[in-house]
Structure formats: C-alpha cells, structure tokens
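Hi,

Here is the structure I promised to pass on. Have a look at it first, and then read my notes below.

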Amino acid sequence: MRPLATLTALAALAALTTLTACGADPAADSASGGGGGAKGGTVTVRIPDPGNAGVLARGKRDGSLDKALAAVGAKVAWTGSAGPFAPAAQAMNAGRLDFATGSITSGITSLAQNPGFAFFTATDPDPVGEGILVREGSGIDSLQDLVGRKVAVNKGGTGEYLLLKALAEEGIPAGEVERVYLRPDQTAAVFNAGQVDAWAVWSTYAVAEIGSGKARFLADGKAIGSDNYSLNAVRSGFAEEHPAIVKALYAYLHDNSAKERKDPAAYLNVFTDAGPTAVTGRARDVQIDFTRQGGTVDPIGPEDVARFETVARFYADQKVTPGTVDIAAHLLDVGTLS
C-alpha cells in the first residue's frame, strides 16, 4: 500500500476535553509531551487485552511491545479485553481507551456517531477467513439457497456487510433473506442448534466451527468480493499529543504482522495451549492457513481509501447508515508523524 499523499488534519477531528481513567493509572495517563514522548513522565497507552493469540499477545508475553514503546517514552496499560469495535469506539470517544482494532464496516457505523478517533493502519480484506458459514448437510449449496432463510449477523458490522454484499453480488434482494441480529460471541450456540440457517462471520469465530468439521463457508471473502479491511484506530486526542508513539506502535504492528504471516503457529496459544482460549486440533490448522493467506498491517494508501468509500456508499445504499459517511475525514497518515 502507498502512503496517503495528503495528511488529514487531526484538528478537524472532534477533540476530547475530558479524559476519564478506566483501569489505568491517572497520573501516568496524564503525562504528555509535544513530540509524542513524555516530558516529566511515561505516557500510558490504553489497549484492549489481546488474549491468547496474535501480534499484541506475543508482544505482551515476550516484552517486545514494552521495549518498542519505551523507546518513545510510553508503556501499555491493558484495559478490558479485545472484542467488537463498536464498544471500543465508544470507549475511545469517552476518553477511556487509546487504541483499538476493528473492521472498516464496524468503523463506518461508529464514525456515524460523533467519533473521537482516527484510523491509522489498514490490513487488506481477508480472502479466506470471513464469509457465509453453513452447517455441513444443511442442504444450502449456493447463495440462492439462502432465500427465505435466516442468517445470523452482527448489526452494522462485518456480518451484516458480508451478507448484504453477497446478496447484492448475486442479485438477490436483501429483503428475501431474514437477518437475525446477534452478538458474535453469542451466535455459535444458536447456529449449531439450527435456529439460524447460516452465519455471516469472520475468522475469530469461524475457525472453531470449520475446525470442528461441522461447518464450511458457502462463500468466502474472495468469492463475495469483500472490501472489509481490518483497521487500527487511535483516540484523536492521543494522536494529537503523542504522534511519535502512534508511529512507533504502527512500526511494531507492521513488522510483527509480517512475521506472523510467515510463522502463524508462533502467534497461537501464546499464554496457554489448553482451555477455552486455546486453538487446537484441526482448528489450529485452519487458523494457520487463514493467517498465511491474510494481509499485513500497512499505512493507509489512496487505493485503500477508494475502497473504504465504496463500502461507505454501499452501507448508505443498503440503509445501514442514514447517509454516506465521510471516511477520508477520519484517516491519519502515519508516514508524516514524528
């Protein structure tokens, strides 16, 4: 991806005037420095706990993230846990979180609500790890077979986008398929009980279902033509005060996402290889395959912005948002930070 030619002015973003500490050290959080380092104290970056897998999990365990941030006068406070982007966006808007990861689809719906954050990285849409999941033996063999059936989606996020995009590609009116709005972490039981016929979902939840041998993708991201990028967001006030920390965080994510793609197994079961957070058996093989075919964390380029805007127009056309969200007004060019 090529860096953006023009930096979107952060001054145009909504400034946060009150910072509320939540699970972080107020004294450390208040330390700031004009160049992104800390004048008189270490700056705390509040990040959702990464769990048992991924670049941030490994960085948490081996200390490499602490080392990278210490070089620019910062440290991490792990706050809460990683999950859907919408509540993370609300936490950033309220000044309780500084960094979060989400999809462009959930990002668009969050941007429609007085955002206090900007996106500063992009990872290409997942060609194989997201899609429309169906149970083996369901008799659903094509997207046309979804007509008259129920599909679980997360409202306004990746799931709803994938389903609507798949139906549009097939020329199927959206109203001919019933959308069942469920939280992703509550959908597996409903799906496996047959209370919905399909599930529009991404790898976080699809891996276990496919790994069980009881489900498969009816259509994956590539077949759907998905423009569902994964993005990293930073609280606007934090980026204004600490640009060098944002740049250092980007560099860490970029370099280590490339390493993860080459050696996915090293980023699985980081803290434990047993229990509900561990990925084992066939599911582990599925996850490794998905990661190898995935993208890396990169700067946001002009070609990415064009695809973001396509998603924003699609969401407006599908009445997911009341109008077309101005994505470009909420993007940050990490290449210009210092």
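Let me start with N256, which is buried, with a relative accessible area of 12%. That label applies because buried means under 20% relative accessible area. You will find N256 in helix α11, residues 243–262. If you ignore its neighbours within four places in sequence, N256 is in contact with V55 and Y267.

Before you go further, please keep in mind that this is a predicted model.

Now for the overall picture. The chain has 13 helices and ten strands. It is 338 residues long, and 52% of them count as buried. Take the contacts between residues at least 6 apart in sequence: 80% of these join residues at least 24 apart.

Next, a sheet to look at. Three strands form an open sheet in the order β3-β10-β4, and the pairing is antiparallel. At the edges are β3 (99–103) and β4 (117–123), each of which pairs on one side only. From one strand to the next, the twist averages 30°. If you want to follow one pairing in detail, try β3 and β10 (residues 230–235): they run antiparallel, and five bridges join them. To find your way in, start at A100, whose bridge partner in β10 is A233. A helix belongs in this view too: α5 (residues 104–111) lies across β3, β4 and β10, and runs at about 110° to β3.

Follow the chain on from that helix and you can look for N114, which sits in the loop between α5 and β4. What is the phi of N114 near? It is near 50°, a positive value in a residue other than glycine. Most residues other than glycine have a negative phi, which is what made me pick this one out. N114 counts as exposed, at 72% relative accessibility.

K319 makes a second case of positive phi in a residue other than glycine, with a value near 65°. Look for K319 in the segment after α13 (302–317). K319 also counts as exposed, with 71% relative accessibility.

Then there is R282, in helix α12 (residues 281–292). Is R282 buried, exposed or partly exposed? With a relative accessible area of 48%, R282 is partly exposed, because that term covers values between the 20% limit for buried and the 50% limit for exposed. Leaving out neighbours within four places in sequence, R282 is in contact with I210, G211 and G213. A208 is worth finding as well: R282 and A208 are 74 residues apart in sequence, yet their C-alpha atoms are 8.6 Å apart in space.

Last, the inside. How many cavities of 30 Å³ or more are there? The count comes to one, and the space in the largest cavity is about 30 Å³. Its lining is made up of V153, N154, P184, W199, A200, V201 and W202. Strand β8 (residues 198–201) gives the largest share of that lining, three residues. By type, the lining residues divide into six nonpolar, one polar and no charged.

That's what I have for now. Enjoy looking around!

Best wishes

Definitions and conventions: Residues are numbered from 1 along each chain as its sequence is written. This is a predicted model: local features need pLDDT of at least 70, side-chain atom pairs count only at pLDDT 80 or more; totals for chains, interfaces and linings use all residues. Side-chain values use heavy atoms; hydrogens and water are left out. Two strands pair if DSSP finds at least two bridges between them. Helices (H or I, at least four residues) and strands (E, at least two) are DSSP runs, numbered from the N terminus. Axes are lines fitted to C-alpha atoms, for helices over the stretch in contact, and angles run from 0 to 180 degrees between N-to-C directions. Contact means heavy atoms within 4.5 Å. Buried means under 20% relative accessible area, exposed over 50%, partly exposed in between (1.4 Å probe, protein chains only). On a 1 Å grid over the protein atoms alone, a cavity is a set of points where a 1.4 Å probe fits but cannot get out, and a pocket is an open set with protein on both sides within 12 Å along at least five of seven lines; lining residues have an atom within 4 Å of a point. Grid points are joined across faces, edges and corners, and a volume is the space filled by probe spheres set on the points. Ala, Val, Leu, Ile, Met, Phe, Trp, Tyr, Cys and Pro count as nonpolar, Asp, Glu, Lys and Arg as charged, and the others, Gly among them, as polar.
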